[in-house]
Structures are given as structure tokens and as C-alpha cells.
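Open the structure in your viewer and keep the selection tool at hand. The stops below say what to select next and what is there.

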Amino acid sequence: MKNFIILMTLCVSTIVNSQQFNVSGRVLEDGSGESMIGSTVLFVNVKDSLKSAFTSVNTDGSFTVKNLNQAFYQIRIQSLGYRTFRQYIRVTQDMTINPILLESIATELDEVVVEAEEIAVQKKGDTVLYKAGAYTVNPDATAADLVSKMPGMVVGDGTVESNGESVRQVLVDGKQFFGQDPLLALNTIPAEVVNQIEVFDQQSERARATGFDDGNTIKTMNVVTKEGKRQGEFGRIRAGVGTDERHWIEGNLNSFKNRRQLTLLGLTNDINKSDFSNSDASGGRGGQRGGNRFFGGGAAQAPTGITNTQTFGFNYSNEGEENKWRLESSYFYDRSRLDNIEETQRTFFGEQQGQVYNEQRASDSDNTNHRLNARGEYQINDKNTIIYTPSVTIQDFSSVDRTSANTVFREESLNATENDFTTVSNAYDVNNNLIYRHKFGKQGRSMFTELNFNTFNSEGEDTFRDFENDSTTIYQNERLNNTYAAEVGYIEPVGKSGQVQIGYELRQEDRERIINTIEFDETNRGAASVNDALSGNLNSELTYHRPSVNYSVRSFSNFFSAGLAFQHSQFDNANEGVNTSLDNRSFNVLLPTFFGRIPITNKVDMFMRYSTSTSAPSTSQLQEVIDNSNPLFLSVGNSNLDQSYTHQLFMRIAKTNVEKNTSISNFSIINTTSNFITNGTFITPQDSTLAPGIVLERGAQLASPVNIDGYWNVRNNTTYSFVLEAFKLNVNATAGVSYIRNPGLVNGIENISETFNLNSRLTFASNISEKVDFNVSYTWNGNQVENSTQENQNNQYSTHTVGGNLNLIFWKGFVLRSDIQYQMYDGISDEFDTSYALLNGSIAKKFLKDNAGEVSLSVYDLLNQNQSVTQNVTAAYFEEQESLVLNQYFMLSFMYTIRNFKKG
């Protein structure tokens, strides 16, 4: 395998690829079908008009526009006495478009200038374009504030959504901006520099390099800046001090010059403000002990506790003349120190009905991350280009948990624990991906090679002190994963607009997991010994062979692709330190795919994608080493696990009416998995010995992963957007429904937990003036949980949330800002019903030239009602949890805005 990788690497020096494409077509007269000889064909680059291209129509009506970059273009075809043809097109490969018909006009009118309201939203192929000028925001607004007013867009709770789909990355003028961190990008760019927002499904790196669409896409937002704002410096600096010794310092500086973009930013505060995403490379055990390590499917919760954050980062991108080379890079450092207190109650189903687990936990953690991402592209000549995308993540993590817990059964105490758990861990994750493509003389014929190498290493030491039994245990753990992969492919044009791709992928994963458990006997002068039942060394080697064939056909307005791969997987395992051994095994599966876009009318189109995938069990799921770091929740691996097999169907239909300024979209996602890896839970009615010296106390739990068929996850979301002209309001209405069928085992009996969810959201965004800027929203979320083994434990709960924010500029530069969130929680139990209002506000005064300076006095949680309550339902129990939150404080702050734009 390694020799094969070396051989493929040597090929890089001779075979690479071009990133420019040709588009061909014909121009005919509408009615007669005669060739429109001499007509002008202009391809205008939507993002950068300087990169436009044009040609003339030949005697047979044909034309070819050459050397187009991958981008959006507006096609303009003109001929004297004929109506100008306009159409948008996205160029990602060599294309032949359908014949274009020009309509004759009886008379040629003198040129007139028509002034009209700017078109707010347009649908061009698979891309939605929002014109920033159609939406009014306050002068201090960020791109995030601007996007939140656009039809179908939702910004908040750490995510950005477009018609219910999560936006995974944000580009600025087509270039990567801080990797895949959408909120960071949108909060860094001020709204005043934005000309247009584009939302589309970006193809994979390989698809963009080769021109063959493989169906792997991520929802992407491209922020197109105004031409007059692409030269100069802009940014913002803020600093504040508050009661309870609160502090906040934040700043960002952007320097744009020609093709170069540089952004610097920094942040430090202890007010839970962090617009930056968190990474978790080490998978530290802090807060995840005893039975929770195998499966968890709940939605991400808002941060709880009080966090002290320090962050620094930069983003740099540049490109050479004529796109000879291109570099995009970003680096991030962040450190967060979290203090939290949690109270948890779990009520069990089934035979354990009436059993309740109570826990109080205080935790302190310190998490430090370094993240580096880059993308380099170099065009050697017209036929060869190479693309290299490395990434590095380094993490240091430490935490201390102090836990007091007990289990009762109908008021009878079954067990109890008092302990603390200390974690110290570090990890690094390095990924390298290299793509090259050679373009042959025949249009559309090419070949490519993709190489990937990933290395992951995590080391940690966990110390568990059991005050009930006066004992100390140290868990030393290490994980090492190395992945080598190579894929070669050949692409051949078929017919006028078809392509066939034949490929072969070879992948090898070398995985190792080492656990050493050392016990100290406090009654014997702290004598230390290794517990073999809690220690082990697992080596797992996975090898994948996957030949594939794919066919794709693309026309001007639609495309279709189908493929089939055969995957042979070989698992070779070696297990040390426990009595069980892992069998070597192999799997053979077929992996079909299908996707395409079909225009239904000129305003409505449908996109559909069907895909299949497999997932191998992790080393922690396979290794049969008991984890007793929480004496009431033990866990152990399962060496008999098989890989899971998943089918996914995605469908989206959208309609945009430019004249009425309305849009409606609907998407559905269906996932089903066979051999789904879930938890099997055993709750013992009496003390049970699992291994020498390892006892599962009465009422305690032992969790182990198992394969069960029948997992389903179905989701549908509909978004309708329109404008209330009389009130100058943009309105977004969203309705969603989801269903999750989650199988599990409780004491050997299969329990099917079915969760039904209905949700809706109504948002009103002002479009009045920059001096009166507000958003108001209402969200309802209803859930019903049904369990197959105990129907009397079926539950339903819901939340109602009303939110809003106001930015009002009035007399002599004074600014009033306020936001409120009122939440009412109708819980599973009456005791858990709760409601609260979180009201924040500030008064500010603008001063200095161009109102560059601002001083403000703000208050957080004016009503002093903030709280955090969550619920979670599994196949074995439902859980209620309350956490520490940030309480009321006042802050005095200063802000300075930098605006230094230059003419291009």
C-alpha cells in the first residue's frame, strides 16, 4: 500500500490539470430556425466583470467561448433587430448548451433609462442570489445581520441555515474565509461592503478540479463585496468593563488589495461571547463518562456555564495573474475555560419503571486549540493543474469533575457515589489531500489522481478518586489512526453533453487503542497494580478496495448522474490484554448513487440525490475493556460488531417569483440504517461480578454497543417568504416535521423509541430605514416520544420562544439597542414546566468623524431570569437537566470603526 502511494506521488510531477472550461452552443432565429450569423455572444462574470469573455456566431449558428473560469456568468446575446437574450449559467466544466432562439422586434426604440426597485432575490440554476441593496440594516450591522433579513435565512444558535439546510462554509468573493466556520465569517464582514449574497451547493474539491460532478456537495454562501469596497482597510475594535469584574475586548481588521485578502481578529472575554466554532480533537472523557461514549444523537445544546475565552486568528488569500496560482489559508488559536454546575435526573422505562438516578456535578475545564487550514492551486500549463489542501488541528484539554450521585427505586436507595474525575489529554490531527488532473486534447477527456494521508494521535490520563471506597484509579489511554488513500479515474465524453467516469480507490486505515488501568490501594500504603480486566491493546487494520463507474449528462438547465461502486472491506484485528479475541472478517457491498436537477417550469426546479454508505465500528466500540470510570454507569465494547449500511434520499423543490418577490422551497431527507450501532443497556437487579474485582452494583447500568436493524431518520422542511409592502416587512414562515426511530436493547428486550417532532417559525424583519431596524420571531417546537415496551411511559413536551431585537438611531447620534427572548417550556413532568425572559439592552452615543466612535452602557439579563433547562429521551430513560448560567451584569464599552476605502 505504501509503495503504491509513493508511486502515485511521483506521478504528480508529470500529470496535473487545467481549471478553465469551454462552453459551446448555437444561436438561431425564433420561428425560421436560421443561423444568426455575426450575433455577439458575451459571457459576463457575475463576481468579477473583468474576467468576462465574448465571441461571435459562426455561419452555421455555432459558437464557442473558451477559457472560462469556474464561476457564475450572465449570457448576453445581441443582434440588430432582435431582442437581447439574457440567461444566467454556472460554469463548472466543459459544456454544450441547448440552442438559443432570438426573437425579432418590429421597431428599435431609443435607449431609455428605467428606474425600479432592486430585485431582492433571484434563482439562477441551482443558486439563489440575494441583492444586499434590497435589504435595509443599521450602519453597524454585520453580514450576519444582513443575511438574517433575507428570505429563507436563519442566523442564530451557532448556525446559519438556508431554507432549513445548514450552511457549512462562507466564501468572500469566491475565496475560502476561515475554513468552514460560517458565523465567524459573517460576523467579521460588515454589511456595508456586501453587494450580493449567493447560496448554492458547492461541489467537492475533486469535482471542481475534474469537471465531473460526483454528487458530494456542501451548502455554501458566497459574499460578493462591492467593487468600491475591495481596496482598503476596514474593521472594528471594541472594549468593555462591567460589574462582577466582567470584561470584553474584541477586534478585527480587514485589508483588501487587488487579489489579496488579509483579515486579523482577536477576542478575550468572560461573558460567554464566542462567535467561533469549537473543535474537539482529543475526545476527552470530561463530562462523558460511563456508558455515553458509544451512541448519542441529540441535538447540540446551547453553551451552559460561564466561559472565559481568548481567541486569535488570521485569514490570508491571494492569487496570481491569469489564475496561474492561488492560495487560501487561515489559522486559529482559541482557549476556553469553563465553569459549570449541573443537576440531572433520569427516570427509567420498562422493568426499571420507578427507578430514578439523581446527580449533582461541578466541573472546571480548560480547552486549547490550534487550527490551520490551507488550499493551494497551481496551474503548470493549459492542461495540468495541481491542488493541495492540508489541515492541522492541535488540542490540549484538561478538566476536573466533582460528582455526587445516587439511584433510588420507589424511595429505596440502591447505590450512591461520591467521586472526582480529572482528565489531562492532548491530540493532533493532520490531513493532507492532493488532487491532479491531466486534460487530453479531446474536449472533455481527462484523467485524475487523488491522494490522501491522515494521521491522528490522542493521549490522555484520567484519574478517578472514589471517596465512597477510598480508592484511586488512573486510566492511561492512547489512540493512533493512520489513513492512506489513493484513487485514480478516467473521464471520457459521451455524445454532446454526457460523460463517463471510471475509477478505482484503495484505502487503508491502521488503528490502535491502548488502555492501561492502574489501581491504588489506599488501605495498603497506596500500593499500585495494573488491572488486566480494565487494560488492553487493540490493533485494527481496515483495507478497502472500491472500483466504480459513473455516468453524467448535463444540459443548459438540468443534469443527471448515476453511479455504482463495489466495495470490498477487509478487517484484520489483533487484541491483547483481555480474554476475548477479534475475528478477522470481510464485507462486500454495492454502493449505488443517483442525483440530478430537473426544471419543472422556468421558475420551479427539483433536485434529488440518493446515496449509500458504510460505517465501520470504532476501536472504542470494538475493544472489550470495561470502563468503570463512573461506578453507576459502566461500559464495555463488543468485538462482534459489524459495519453499518446507510441509505439516504434527499429531495428539494424550489420556486422563486421575482415579480412578486416571493419564494417557496421544500426539502426532505430520509435516512435508514441496517446494522445500526446503538446501545444495549443492562440494569442489574442485584450486585453482579463482571470481572475479578469489578462489580456492577444493584441498580447500576452496563452499556455495550450492538447492531440492530431499523433505524430511521426522516425530516421535511418547508419555507415560504414574502414581503408586506404596506409595512415594509420581509416575512419568513417555516414549518417542519421529523421522525426518528431509534432501536435499543434494555436487559435483552428490544425497545423502539420513536420521536415525532413538529416545528414552526415565523419571522418579521424590518426594511424601513437604517435608523429603525428590528426583527421579531416566534418559534414553536413540539415533541412526542413513544416507547414500544412501556406505552405508559410515552411523553410529549414542547417549547414556545418569542424573540426580537431593536436598533433605533435617534436624536444627535444616540442609539438604543435591545433584544429579548421569552421561552416557555412545557416539560415531560409538571415539575419541569418553566418559563423565563432574557432581556438585554444598551444606550449608546456616536461621535468622531463619520460616527467612527461609540460609547455605550449595556445591561445583560435586565429581568434577572436567565436559566438553562434541557430534556433528553433515550430508549432506556428520559433525562431532565439544569445547568449554571451567566447572571445579570452591567457593562460600559467603547467601539471604534475603521473605514479606509481606496479607489481601485
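The tour goes from the whole chain to a cavity, then to the nonpolar cores, and ends with single residues.

**Whole chain**

Start with everything selected, and keep in mind that this is a predicted model. A cartoon view shows five helices and 51 strands. The chain has 904 residues, of which 52% count as buried. The exposed surface comes to about 40400 Å², with 52% of that area supplied by carbon and sulfur atoms. Of the contacts between residues at least 6 apart in sequence, 66% join residues at least 24 apart.

**The second largest cavity**

Rolling a probe the size of a water molecule over the atoms shows where empty space is left. In this model, six cavities of 30 Å³ or more are counted. The second largest of them has a volume of about 250 Å³. To find the second largest cavity, select Lys123, Val128, Asn163, Arg652 and Ala654, which are the closest to its centre among its 23 lining residues.

Next, colour the lining of the second largest cavity by residue class: nine residues are nonpolar, six are polar and eight are charged. Then colour by strand. Strands 9 (121-124), 10 (127-131), 16 (194-203), 33 (604-615), 35 (644-657) and 36 (662-674) each supply at least two lining residues. Strand 35 has the largest share of this lining, with four residues.

Stay on strand 35 and select phenylalanine 650, which lies in that strand. Is phenylalanine 650 buried or exposed? Its relative accessibility is 4%, so phenylalanine 650 counts as buried. Beyond its sequence neighbours up to four places away, phenylalanine 650 touches Glu165, Phe607, Met608, Arg609, Phe667, Ser668 and Ile669. A distance label from the C-alpha atom of phenylalanine 650 to that of asparagine 671, 21 residues apart along the chain, should read 8.9 Å.

**The nonpolar cores**

In soluble globular proteins, nonpolar side chains tend to be buried together. The largest nonpolar core here holds 37 residues; select Tyr130, Leu186, Val194, Ile197 and Met221, the members that touch the most others. At least two residues of this core come from each of strand 10, helix 2 (143-147), strand 14 (169-172), helix 3 (182-188), strand 16 and strand 17 (217-225). Strands 10 and 16 already appeared in the cavity lining.

Now centre on methionine 221. With residues up to four places away in sequence set aside, its contacts include Val147, Met153, Val160, Leu186 and Ile197. Gln169 and Glu198 are also among the residues that methionine 221 touches.

A second core, separate from this one, has 23 residues, including Met36, Ile75, Met95 and Ile100.

**Single residues in strands**

Select serine 330 in strand 22 (residues 325-348). Serine 330 has a relative accessible area of 5% and is therefore buried. Apart from neighbours within four places in sequence, serine 330 is in contact with Phe178, Gly179, Phe314, Asn315, Arg371, Leu372 and Asn373.

Go on to tyrosine 428 in strand 25 (residues 412-439). At 36% relative accessibility, tyrosine 428 counts as partly exposed. Neighbours within four places aside, tyrosine 428 is in contact with Thr393, Ile394, Thr455, Phe456 and Asn457. The C-alpha atom of serine 458, 30 residues from tyrosine 428 along the chain, is 6.7 Å from that of tyrosine 428.

Valine 241 is the next selection, in strand 18 (residues 232-242). A relative accessible area of 56% makes valine 241 exposed. Excluding residues up to four places away, valine 241 touches Arg246, Phe890, Met891 and Leu892. Leucine 857 is 616 residues from valine 241 in sequence, but their C-alpha atoms are 10.0 Å apart.

**Two loops with positive phi**

Most residues other than glycine have a negative phi. What is the phi of glutamate 245? The value is near 60 degrees, which is positive, and glutamate 245 is not a glycine. Glutamate 245 lies in the loop between strand 18 and strand 19 (247-257). At 73% relative accessibility, this glutamate 245 counts as exposed.

For the last stop, select leucine 848, in the loop between strand 47 (834-847) and strand 48 (853-860). Leucine 848 also has a positive phi, of about 70 degrees, without being a glycine. With a relative accessible area of 47%, leucine 848 is partly exposed.

How values were computed:
Residues numbered from 1 in each chain as written. Predicted model: local features only at pLDDT ≥ 70, side-chain atom pairs only at ≥ 80, totals over all residues. Heavy atoms only, no water. Buried < 20%, exposed > 50% of the residue type's maximum accessible area, 1.4 Å probe, protein only. Contact = heavy atoms within 4.5 Å. Areas by Shrake-Rupley, 256 points an atom, 1.4 Å probe, with all protein chains shown as cover. 1 Å grid on protein atoms, 1.4 Å probe; cavity = no way out; pocket = protein on both sides within 12 Å on 5 of 7 lines; lining within 4 Å. Points joined across faces, edges and corners; volume = space filled by probe spheres on them. Nonpolar A, V, L, I, M, F, W, Y, C, P; charged D, E, K, R; others polar. Core = buried A, V, L, I, M, F, W, Y, C linked by side-chain atoms within 4.5 Å.
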